[in-house]
Each structure stands twice: as structure tokens, then as C-alpha cells.
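Visitor: Please take a close look at one part of this structure for me. I work at the bench, so keep it brisk and stay with what the coordinates show.

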Amino acid sequence: MHLVRTLFISGLAILATTANATQWEKIKTPVQGKAQSIGGYSNGCIIGAQPLALKGEGYQVIRSARNRYYGHPQLLDYLTNLGKKTKAAGVPTILIGDMGMPAGGRFSSGHASHQTGLDADIWLRFGPMDDATARNPAGLATIMVNHNTQRVDDNLWNQHHTHLIKLAASDNRVDRIFVNPAIKVKLCQTAGSDRGWLRKIRPWYGHDSHFHIRLTCPADAASCENQAPVPAGDGCGEELYSWFEPKPDTGTPTTKVLPTPPVQCQMLLSEQGLN
């Protein structure tokens, strides 16, 4: 009965998302051409995206029905290599969640970024997984943070999680990795003397059951916009702990205005008959 209810709710969520689909979600296959990430991570698109094989050595794509398993060839190469490295290190099969859509662009729900084919989510989990579970992934991700104490739950966290994130950060193509601030604290406390990789681990809201990998713009992507460089140091000091302080209430609600897509992305939509 619980499974039926879960699937029913999931179905309603899919219907709601479809009803509010963005123009980008109406593009079901990649736009052909030389791979090019265009614009910024939270306002862009991609030509020549490729789908990641749903299963490979050391990894499994989950929730594939969302059609969000596309990316720049550099992202696919990165993820397949990460799967091999983690398997060789004895880390359990990694679960790859949302990457990007066939032409990138804005999601109707779930993310503001993931728009240029250079972002991917990897779920954190506690316990085993099999193919049947992967096909019906309700409840697969494990919330690793006790929100009462604002720290990682040590009954759930283990060395595999630390090793996975360290391996993920060690590739030179990675610009930064977003995790819950409490997870960053745990990594700072347990990293030991090898701390260079911690610089790429950035605290951000949410991210208590997954981490978000972001690659830097490929060298030949002239229209791709990188973020500002990550600050120097391991990021384990005062700035990290400021995330746990109460945020001041300004009393003034803010209205979010979506930015205008880059001209090349607008042209792409026009070519698809969607603009």
C-alpha cells in the first residue's frame, strides 16, 4: 500500500511538472552540432549534448524518466571515470541523479542551475542498492544531516562518503562541489593532512542527501561563463561556521526575476519553434 501511494504521488508530481514545463523541457533530444556550453550555469543552454549511458562501471543513473541525464562530453567522461575510480576504491555504486536536459536550459522545478551541461548530482545513501531499487528510487537518497543539531548523523555517515567526495573533487576539471554546510564540517574534521581538495567543497543550502558537482567551462567553449574563482584556503574557518548563524529577517520579501537567456540560447529556441 505504501508503494502504491508513493507511486501515485510521484505520478501527480510528474503531471504537475509537465503542465508547467519550460520551453527547454519540450526539447526531447539534443541539438546537433559541436558540443558547446553557452552562458552561465544558471542561465544558459548547450548544443551537442550527449546522453550518459544509464548504467556503467561503478555507477547507475536514477530517475531516468525525467530525461535529465544529458551533458557536455567532458561531463560524461568525468562521470564514467569517477565510476571506475570509486569501484576500484571499493566505494559502492554511485547513484547519478539530475544532470541536464537535452538542450540544457531552465528546469520548471528542482534546480536553478544545471543549464549548460556541466552540472551533476550524486546521491548520498546508506545501505545496499540493487537494479530493482534503482528503477523505483523512492527513498533511495539518505538525509545525512540531523537538522536539530545541524551536524552530520554519525550513525549514517561512513568513510565511503568521505572517500567518494574526495575522489569527485580530485579531478582538475571540477570547479566546485556543493554540499550541506554540516557535511563540509564533517569533511573538514576528518580530512587529515591532505586538505587541498577541501577548497573545492562549498557549503550551500539543502544538499543534505546529495552533492552537486560543477565542472569548469571547457577550454574551447568561448561562450561559456565560469563562476568567480573559489577563495583560497580549505574553507574550514569562520566563513563555514557563519552558515549556522540565524539569518537576519529583513521583513521585505524579494521577487525573483528570471534573467534573459543568452542570445545564442534564444536563437536555439527559435530554431526549435519554441520562441
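Guide: Start with histidine 111. Its relative accessibility is 19%, so histidine 111 counts as buried; the cut-off is under 20%. Bear in mind that this is a predicted model. Histidine 111 sits in the loop that joins strand E7 (94–96) to strand E8 (119–123). Leaving aside residues up to four places away in sequence, histidine 111 touches Arg68, Asp98 and Asp121. With aspartate 98 there is a polar contact, side chain to side chain, at 2.8 Å.

Follow the chain on to E8. Aspartate 119 belongs to this strand. Its relative accessibility is 1%, and therefore aspartate 119 counts as buried. Two polar contacts tie up its side chain. One goes to the side chain of histidine 212, at 2.7 Å. The other goes to the side chain of arginine 214, also at 2.7 Å. The residues that aspartate 119 touches include Asp98, His114, His212, Ile213 and Arg214, with residues up to four places away not counted. Asp98 thus appears in two places: it is touched by histidine 111 and by aspartate 119. Now look at isoleucine 213. In sequence, aspartate 119 and isoleucine 213 are 94 residues apart. In space, their C-alpha atoms are 5.6 Å apart.

Next, the sheet around these strands. It is open, has seven strands and runs in the order E4-E5-E7-E8-E13-E11-E12, with mixed pairing. Strand E4 (55–56) and strand E12 (201–203) are the edges, each pairing on one side only. In general, the strands of a sheet pair through backbone hydrogen bonds, either parallel or antiparallel. Strand E5 (residues 59–61) pairs with E7 in the parallel sense, over three bridges. Within that pairing, tyrosine 59 has isoleucine 94 of E7 as its bridge partner.

Helix H2 (residues 73–88) lies across several of these strands: E5, E7, E8, strand E11 (174–179) and strand E13 (210–215). Relative to E13, H2 runs at about 130°. One residue of H2 leads back to E8: Leu75 is buried, and Leu75 is among the residues touched by aspartate 119. The other buried residues of H2 are Leu76, Tyr78, Leu79, Leu82, Gly83 and Thr86. Seen down the helix axis, the buried residues of H2 fall within an arc of 160°, so they line one face. The general rule is that an α-helix has 3.6 residues a turn, so residues three or four places apart point the same way. H2 has 16 residues and spans 23 Å from first C-alpha to last, close to the 22 Å expected. Just after H2 comes glycine 90, with a positive phi of about 85°.

Last, helix H5 (residues 181–190). H5 is mostly covered, with eight of its ten residues buried. Among them are Ile183, Val185, Leu187 and Cys188, and also Lys184 and Lys186. The buried residues of H5 pack against E11 and E12 from the sheet, along with strand E9 (145–146), strand E10 (151–152), helix H4 (159–169) and helix H6 (238–241). Asparagine 180 caps the N-terminal end: a side-chain oxygen lies 2.9 Å from the backbone nitrogen of alanine 182. After H5 comes glycine 192, where phi is positive, near 75°.

Methods
Residues are numbered from 1 along each chain as its sequence is written. This is a predicted model: local features need pLDDT of at least 70, side-chain atom pairs count only at pLDDT 80 or more; totals for chains, interfaces and linings use all residues. Side-chain values use heavy atoms; hydrogens and water are left out. Helices (H or I, at least four residues) and strands (E, at least two) are DSSP runs, numbered from the N terminus. Buried means under 20% relative accessible area, exposed over 50%, partly exposed in between (1.4 Å probe, protein chains only). A polar contact is a pair of N or O atoms within 3.5 Å; within protein, one must be able to donate a hydrogen and the other to accept it, and residues adjacent in sequence count only if both atoms are side-chain atoms. Contact means heavy atoms within 4.5 Å. Two strands pair if DSSP finds at least two bridges between them. Axes are lines fitted to C-alpha atoms, for helices over the stretch in contact, and angles run from 0 to 180 degrees between N-to-C directions. The expected span of a helix is 1.5 Å times one less than its number of residues. The arc is that of the directions from the helix axis to the C-beta atoms.
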